[in-house]
Amino acid sequence: MLEIIVLPLLTMVTCKETRAAIIALHKNGFTGKDIVATKIAPKSTIYRFIKNFKERGSILVKKASGRPRKSSKRQDRLLKRIQLRDRSATSAELAQEWQQAGVSASARTVRRRLLEDGLVSRRAAKKPLLSKKNIRDRLIFCRKYSEWTAEDWGKVIFSDEAPFRLFGASGKRLVRRRKGERYHQSCVMPTVKHPDTIHVWGCFSSKGVGSLTILPKNTAMNKEWYQNTLQQQLLPTTQQQFGEEQCIFQHDGAPCHKAKVITKWLGDQNVEILGPWPGNSPDLNPIENLWSILKRWVDEQKPTNSDKLQEVIMKEWVAISQDLAQKLIESMPSRTAEVLKKKGQHCKY
């Protein structure tokens, strides 16, 4: 009889199943000696399981208490509040402040507690400082255009200036190296104290990239240069992309953009202006994302002098596909909606 019951149980390998089998045999009237004879488990294990079952009336093993936590839930909430007051505080600094509240814990324990609350240490995102006026202007702008669809934004030409620096516009590069190769020529990123900088002006719409102009070296964009750029670059682009169809021009609030002579010239050309554009809002301008992509592509070409840098910039600019341009333009409804949701604060773009 015992052999018939035990045979299927001999294939059981987990502790939980073995314990259940031993207790099942015990309940069926078999003695500890009979169960030991089956060799289902060591003798000491069998008698321990039977003893625990008699004492607790259950086959479940009491969970071990383990090492007690050094902090209570209330103290954990206090730590969270301390961290949220100063997001840049280190775990060591938090441990010292927590200790003043009566919790003697290491920086490692602090990190574990914060992780339990989803507070993970990450590199801070770099965004322009937003004043109260900036926030108010961003909200006004986004409310004004909150009902615009991707089709509406497809009628806008976005524009901006951007600097390109020799030897790494993005300022970062990853390399794979062996031990001792940190300073090998192929593993370092060359830097110079005063890298050549090229300033460009460009525009684009959902129909693709428009004209790109490179300013002469050591020349800053002023109202004279800007008017000439609009005359030579913007008007041909609007004609090429939109023909006789009305389009809308976007530029930010840079001083040369707001000059009276520029405002008058745009009016004389019947150019409709988007805005007013809120200050410190690169996250609302999709051309900023285009610059970032372009700079990465230029970096990959590793230009070694200013002439080569200009050549690469122009080559990579014309290589930008209409699909990429359209995708960036179609993100505008999401951008405005997110700024409104965050009450004027930065959005993810």
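**Exercise 1. Place Arg-69: state its exposure class, then trace its salt bridge.**

Step 1. Arg-69 has a relative accessible area of 46%, so Arg-69 is partly exposed. The class runs between the buried limit of 20% and the exposed limit of 50%. The model is predicted.

Step 2. The side chain of Arg-69 meets that of Glu-116 in a salt bridge, at 3.4 Å from N to O.

Step 3. Now locate the partners. Arg-69 sits in the loop between helix H4 (43-56) and helix H5 (73-85). Glu-116 belongs to helix H7 (residues 107-116). The two are 47 residues apart, and the pair links distant parts of the chain.

**Exercise 2. Find what Arg-113 pairs with, and build the network around that pair.**

Step 1. Arg-113 forms a salt bridge with Asp-76, again by side chains, at 3.4 Å from N to O.

Step 2. Arg-113 lies in helix H7 and Asp-76 in helix H5, so this bridge ties together parts 37 residues apart in sequence.

Step 3. Check burial. Both Arg-113 and Asp-76 are buried.

Step 4. Join the pairs. Arg-69, Asp-76, Arg-113 and Glu-116 are linked in a network of salt bridges. The count for salt bridges comes to nine.

**Exercise 3. Classify the two partners of the Lys-342 and Glu-338 salt bridge as buried, partly exposed or exposed.**

Step 1. The side chains of Lys-342 and Glu-338 meet at 3.0 Å, N to O.

Step 2. Lys-342 has a relative accessible area of 40%, so Lys-342 is partly exposed.

Step 3. Glu-338 is at 15% relative accessibility and therefore counts as buried.

**Exercise 4. Describe the largest nonpolar core: its members and the elements that supply it.**

Step 1. The core holds 34 residues. Trp-153, Phe-158, Phe-204, Leu-274, Trp-291 and Ile-313 touch the most other members.

Step 2. List the suppliers of at least two residues each. The strands are S1 (156-165), S2 (197-205) and S3 (208-214). The helices are H8 (132-144), H12 (286-301), H13 (306-318), H14 (322-329) and H15 (332-341).

Step 3. H12 gives the most, with five residues.

Step 4. Zoom in on Leu-274. Leaving out residues up to four places away in sequence, Leu-274 touches Phe-141, Tyr-145, Trp-148, Trp-153, Val-156, Phe-158, Ile-248, Phe-249 and Gln-250.

Step 5. Another core, of 17 residues, lies apart from this one. Its members include Ile-157, Tyr-226, Leu-234 and Ala-259.

**Exercise 5. Compare the span of H8 with the expected value, then find what its buried residues pack against.**

Step 1. H8 has 13 residues. Its first C-alpha to its last covers 18 Å, close to the 18 Å expected at 1.5 Å a residue.

Step 2. Its buried residues are Asn-134, Ile-135, Asp-137, Arg-138, Leu-139, Phe-141 and Cys-142.

Step 3. These buried residues pack against helix H9 (150-153) and H15.

**Exercise 6. Locate Asn-285, and decide whether Asn-285 is buried or exposed.**

Step 1. Asn-285 is in the loop between strand S5 (272-273) and H12.

Step 2. At 4% relative accessibility, Asn-285 counts as buried.

Step 3. Its contacts, excluding residues up to four places away in sequence, are Phe-158, Ser-159, Asp-160, Gln-250, Trp-277 and Arg-335.

**Exercise 7. Summarise the chain as a whole.**

Step 1. Count elements: 15 helices and five strands.

Step 2. Of 349 residues, 38% count as buried.

Step 3. The chain exposes about 22600 Å², with carbon and sulfur atoms supplying 51% of that area.

How values were computed. Residues numbered from 1 in each chain as written. Predicted model: local features only at pLDDT ≥ 70, side-chain atom pairs only at ≥ 80, totals over all residues. Heavy atoms only, no water. Helix = DSSP H or I, 4+ residues; strand = E, 2+ residues; numbered from the N terminus. Buried < 20%, exposed > 50% of the residue type's maximum accessible area, 1.4 Å probe, protein only. Areas by Shrake-Rupley, 256 points an atom, 1.4 Å probe, with all protein chains shown as cover. Core = buried A, V, L, I, M, F, W, Y, C linked by side-chain atoms within 4.5 Å. Contact = heavy atoms within 4.5 Å. Expected span 1.5 Å × (residues − 1). Salt bridge = Lys/Arg side-chain N within 4 Å of Asp/Glu carboxyl O.
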